[in-house]
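Me: I'm new to this structure and would like a close look at one part of it: the side chains and how they pack and pair up. Could you take me through that in one go?

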Amino acid sequence: MINPTTYKKYIFISIGILVSLYGILLFTWFLKDPTINFEENNPGLDKRNISPEKFKEELVKIGDKFQKFTDYKSDLKGCWPQFRGTNSDNIVKTNIQLNENWSAKIPHIVWSVELGDGHAAPAIYDGLIYILDYDEKEKADALRCFSLIEGKEIWKRWYKVKIKRNHGRSRTIPFVNDKYILTIGPRCHVMCMDRLSGNLLWTIDLEKQYNVETPFWYTGQCPQIINDIAIIAPGGKALMIGVDCQTGKVLWETPNLKNWKMSHACVTAIIFCGKKIFVYPAIGGLCGIAADGNDAGKILWEYELWTPSVIAPTAIAIGKDRILFTAGYGAGSLVLKIENQGDKFIVNKISKLSPSEGISSEQQTPILYNGLIYSIQPKDAGVLKNQLVCYSPDDCSKPIWSSGKTSRFGLGPYMIINDIFFILNDDGTLTMAKASKKEYIQLAQKKLFEGEDAWGPMAFADGYLLLRDSKKLYCIDLKK
């Protein structure tokens, strides 16, 4: 039995030790600077409100480096030549039979490659993949070319440029046709190359030549080629430009008298009243610009009563005279009616809805399919948050159906192949669902990889589906 005096002595010693330890910890805490690893967040670090003259101090030799790894020939003829596919609608019709009976081994990852942190997605042409990538070690923006079947790197063209991580770096998709590859890098550097050889034809530094303010989170605009003319919407000195792909000569420029800025959205070509029009949601306003003819580059109409600070989804035509615009961060959606009255276009608002009132989209572009609009609602859409929804173009406020509370998705991409939705969640889970007019019908679901921010758009050709997360590109075999 312990003596009471000794017991009290042990208690006092234990209390003394605890008090001493507490004092040491408290003293250390006061000495430690909790902000020692913080980076100072001064205005302008994201390059907003900084004069483009600042960037002239940095010497960027766009596309000056090239490396060929191997020769390669392919018999494949499938294409995904640009953002949202051949017809810019994210819809595929193919004779290839897809395997709808998913299991532990189906579908499977054929190959994967490491990428720099970002959300840039691939284009596919005749068995070759083209994807922009930022090499953090080399501090270089690169266009990389891979084989579709093996994932073998064929060549890359790159150049040194400083880019800090900001929810990724690269996030655009090349435009590829039988002759050219056209890209826009994170800092608005344009490259046009020969498709087969990768030879550099011409470049444009939009920051320097057009005083462009690179968007927050870097460039999201995917370029287009129409009739061998590159279509780019810089903002800055010109709202939009058309460039001859062979020579690099600027054929026309749209004046930017109102100083609208480049958004993250892409230009889309829409035909109204027999006239092709480039529709572009800039930061500052929406516009329609003549796409061809003697008035190519002329502003045909403008709308300045809907000006979200961030616009990522591309505008889509939802009727012969109506356009749907969507944006995140509470902006919701806008439907405009465009009419041609004699020598001018008249613009009228049909609807303007918040995310909780109707169709919306944070990042991906909605799909118009079989006369209906499909979208994934953003997180601020109330009871429909993160659900796949179906709306009629005649009423974007009342959903025909939604996927329900148990089938929610993130900011990842979705597309339609042969009447079937393929939806990629942020974490690498792929869902297959019927593109139904009446209800949500899920066919299969499988977690393919441990993904992180799997936001980059998907691409499909020759039975292979290309997916990516923030650090890897994956090739999935969907063939039966």
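Reply: Let's start with the cysteines: the structure holds zero disulfides, a disulfide being a pair of cysteine sulfur atoms within 2.5 Å. In general, a disulfide is a covalent bond between the sulfur atoms of two cysteines. The sulfur of C222 has its closest cysteine sulfur in C266, but at 3.8 Å that is too far for a bond. C222 counts as buried because its relative accessibility is 4%, and C396 is buried too, at 5%. Here "buried" means under 20% relative accessible area, "exposed" means over 50%, and "partly exposed" is what lies in between (1.4 Å probe, protein chains only).

A word on the ground rules. This is a predicted model, in which local features need pLDDT of at least 70 and side-chain atom pairs count only at pLDDT 80 or more, while totals for chains, interfaces and linings use all residues. Residues are numbered from 1 along each chain as its sequence is written, and side-chain values use heavy atoms, with hydrogens and water left out.

Now to the nonpolar cores. A nonpolar core is a set of buried Ala, Val, Leu, Ile, Met, Phe, Trp, Tyr and Cys residues joined through side-chain atoms within 4.5 Å. In soluble globular proteins, nonpolar side chains tend to be buried together. The largest core in this model has 37 residues, and M415, F422, F460, L465 and L466 are those with the most contacts inside it. Among the elements that give two or more residues to this core are β4 (108-114), β6 (128-135), β30 (420-424) and β34 (464-468). Strands are DSSP runs of E with at least two residues, and helices are runs of H or I with at least four, numbered from the N terminus.

Zoom in on L466. Leaving aside neighbours within four places in sequence, L466 is in contact with W111, P122, I124, I129, L148, M458, A459, L473, Y474 and C475. Contact here means heavy atoms within 4.5 Å. Apart from the largest core lies another one, of 34 residues, which includes L182, V190, W202 and Y210.

Next come the rings. Rings of Phe, Tyr and Trp (its six-membered ring) pair if their centres lie within 6.5 Å; planes under 30 degrees apart count as stacked, over 60 as edge-to-face and the rest as tilted. By that rule there are eleven aromatic pairs. In one of them, W102 and F422 have ring centres 6.5 Å apart and planes at 35 degrees, so the pair is tilted. That pair links distant parts of the chain, with W102 in the loop between β3 (91-92) and β4 and F422 in strand β30, 320 residues apart. Both W102 and F422 are buried. F216 and W217 make a tilted pair as well, at 4.7 Å centre to centre with 50 degrees between the planes. F216 counts as partly exposed, at 22% relative accessibility, while W217 counts as buried at 17%. Y374, W401, F421 and Y440 form one aromatic cluster.

Some rings also have a charge over the face, meaning that NZ of Lys or CZ of Arg is within 6 Å of the ring centre and within 35 degrees of the ring normal. K156 lies over W158 in this way, 4.6 Å from the ring centre. K479 does so with Y464, at 3.7 Å.

Last, the salt bridges. A salt bridge is a side-chain nitrogen of Lys or Arg within 4 Å of a carboxyl oxygen of Asp or Glu, and the count comes to 22. One of them joins E136 and R169, at 3.7 Å from N to O. E136 sits in the loop between β6 and β7 (140-147) and R169 in the loop between β8 (153-160) and β9 (175-176), so this pair ties together parts that are 33 residues apart in sequence. E136 is partly exposed at 45% relative accessibility, whereas R169 is buried at 5%.

R322 pairs with D394 in another salt bridge, with the closest N and O atoms 3.5 Å apart. R322 belongs to strand β22 (residues 322-327) and D394 to the loop between β27 (388-391) and β28 (401-402), so parts 72 residues apart in sequence are tied together. R322 counts as buried at 19%, and D394 as exposed at 65%. E362 and K379 form a salt bridge too, their closest N and O atoms being 4.0 Å apart. E362 is buried at 12%, but K379 is exposed at 60%. Finally, D133, R144 and E153 are joined into one network by salt bridges that share partners.
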